[in-house]
Amino acid sequence: MTTDAETDSDADADEPTLTIDELAARAGTTVRTVRFYSTKGLLPPPVIGARRVGHYGPEHLSRLALIEELRHQGMTLAAIERYLGQLPPDLSAHDLAIHRAVVASWAPDTVETLDRRELERRAGRALSEEDVERLVAMGVAGLDGASYRVDSGLLRLGVRLLDVPVSQEAILASRSVLIEHSRAAAHELSQVFRGEVSQRATQDVKSLSAHMQPLVVQALLTTFQRSLREELREWLKGAEESRESEEG
């Protein structure tokens with residue numbers, strides 16, 4: 001039977017390897033920055049292939065995204081080194097993405113106005129007109145004259161969704177489901193904690209909220225991840241049984 005860890009490993013193995021130039025472009029950074037992080041031990045070494053060319057995988061891309069998110073939060077290089085040093089060294093790209101999502105939950109909502117060139121730089125790739133239309137439809141970006149108002153927290157996720165082989169209608173339907181149930185969960189959780197803080201001073205409530213937010217986000221992510229795996233496992237099992245029945 002395939003374990004969750006094997007599933008993650010198999011998914012990562014299917015990803016194409018990247019040269020350092022491709023990694024930097026995908027991450028929206030520079031080759032010089034990638035090399036700097038590598039010398040500091042923030043990135044694991046690449047796999048050396050033919051002609052002594054280093055190849056990077058999805059875990060490098062996810063680790064770069066996490067580092068950039070920590071920098072965005074104002075952490076110093078030394079603090080980032082300490083943070084990453086506390087993580088298991090063999091975390092998958094998926095697990096690193098969860099860490100980044102938790103870190104991003106600490107930040108206030110950030111909407112910036114960018115021109116097309118800066119939007120593509122932040123995206124780490126060239127964007128076709130269809131790509132931009134999909135980002136607008138997903139709520140990641142909005143037209144503002146000749147510029148775009150961009151939700152920085154959603155941009156990288158939106159760009160990754162551009163390569164997912166499903167229709168835009170399916171992505172938008174998924175977004176609606178997530179928003180609806182996330183708001184319901186947030187409302188229910190607020191009701192649970194409201195009684196706990198009703199008699200506390202305002203500053204105490206703010207402090208508790210600041211500590212609870214990343215913990216709640218991580219709990220929701222972990223719970224959703226496990227639930228989704230179970231649903232997919234049941235769906236695949238049903239599809240396989242149906243196919244065997246038809247063949248029999």
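In the predicted model, Gly145 has a positive phi near 70° and belongs to the hairpin of β4 and β5, where 2 residues lie between the strands. Strand β4 covers residues 141–144 and strand β5 covers residues 147–151; the two pair in the antiparallel sense over 4 bridges. One of the bridge partnerships involves Leu143, whose partner in β5 is Tyr148.

Another glycine with a positive phi is found ahead of this hairpin in the numbering. Gly139, which follows helix α8, has a phi near 85°. Helix α8 itself spans residues 129–137, and its buried residues are Asp131, Val132, Arg134 and Leu135. These residues lie on the same side of α8, because the arc they cover around the axis is only 160°. The face turned away from that buried side carries Glu129, Glu130 and Glu133, which are exposed.

The chain as a whole contains 11 helices and 5 strands. Of its 248 residues, 26% are buried. The exposed surface of the chain amounts to about 16,400 Å², of which carbon and sulfur atoms supply 54%. When contacts between residues at least 6 apart in sequence are considered, 65% of them join residues at least 24 apart.

Arg121 offers a case of two residues with a wide separation in sequence. Arg121 and Thr29 are 92 residues apart in sequence, while their C-alpha atoms are 8.3 Å apart in space. Arg121 is part of helix α7, which runs over residues 116–123. With a relative accessible area of 46%, Arg121 is classed as partly exposed, because that class holds values between the buried limit of 20% and the exposed limit of 50%.

The interior can be described through its nonpolar cores. The largest of them has 23 residues, and Leu66 and Leu84 have the most contacts inside it. At least two residues of this core come from each of α2 (20–27), α3 (31–39), α4, α5 (77–85) and α6 (93–104). Helix α4 gives the most, with 5 residues. A second core of 15 residues is separate from the largest one and includes Leu119, Ala123, Leu127 and Leu155.

Leu84 can be followed further through its contacts. Apart from neighbours within four places in sequence, Leu84 is in contact with Leu42, Arg63, Leu66, Ile67 and Leu70. Helix α4 comprises residues 58–72, and Ser62 is found in it. Ser62 has a relative accessible area of 9% and is therefore buried, since the limit for a buried residue is under 20%. Beyond four places in sequence, Ser62 touches Ala93 and Leu96.

Confidence varies along the chain. The average pLDDT is 77, and 77% of the residues score at least 70. Confidence is highest in α3, with a mean of 93, and lowest in helix α1 (residues 4–13), with a mean of 42. Over residues 1–14, pLDDT stays under 50, and the model has 10 contacts beyond four places in sequence for this segment.

Terms used. Residues are numbered from 1 along each chain as its sequence is written. This is a predicted model: local features need pLDDT of at least 70, side-chain atom pairs count only at pLDDT 80 or more; totals for chains, interfaces and linings use all residues. Side-chain values use heavy atoms; hydrogens and water are left out. Buried means under 20% relative accessible area, exposed over 50%, partly exposed in between (1.4 Å probe, protein chains only). Contact means heavy atoms within 4.5 Å. The arc is that of the directions from the helix axis to the C-beta atoms. Accessible areas come from the Shrake-Rupley method with a 1.4 Å probe; for residues, only the protein chains shown count as cover. Two strands pair if DSSP finds at least two bridges between them. A nonpolar core is a set of buried Ala, Val, Leu, Ile, Met, Phe, Trp, Tyr and Cys residues joined through side-chain atoms within 4.5 Å. pLDDT is the predictor's confidence in each residue, from 0 to 100.
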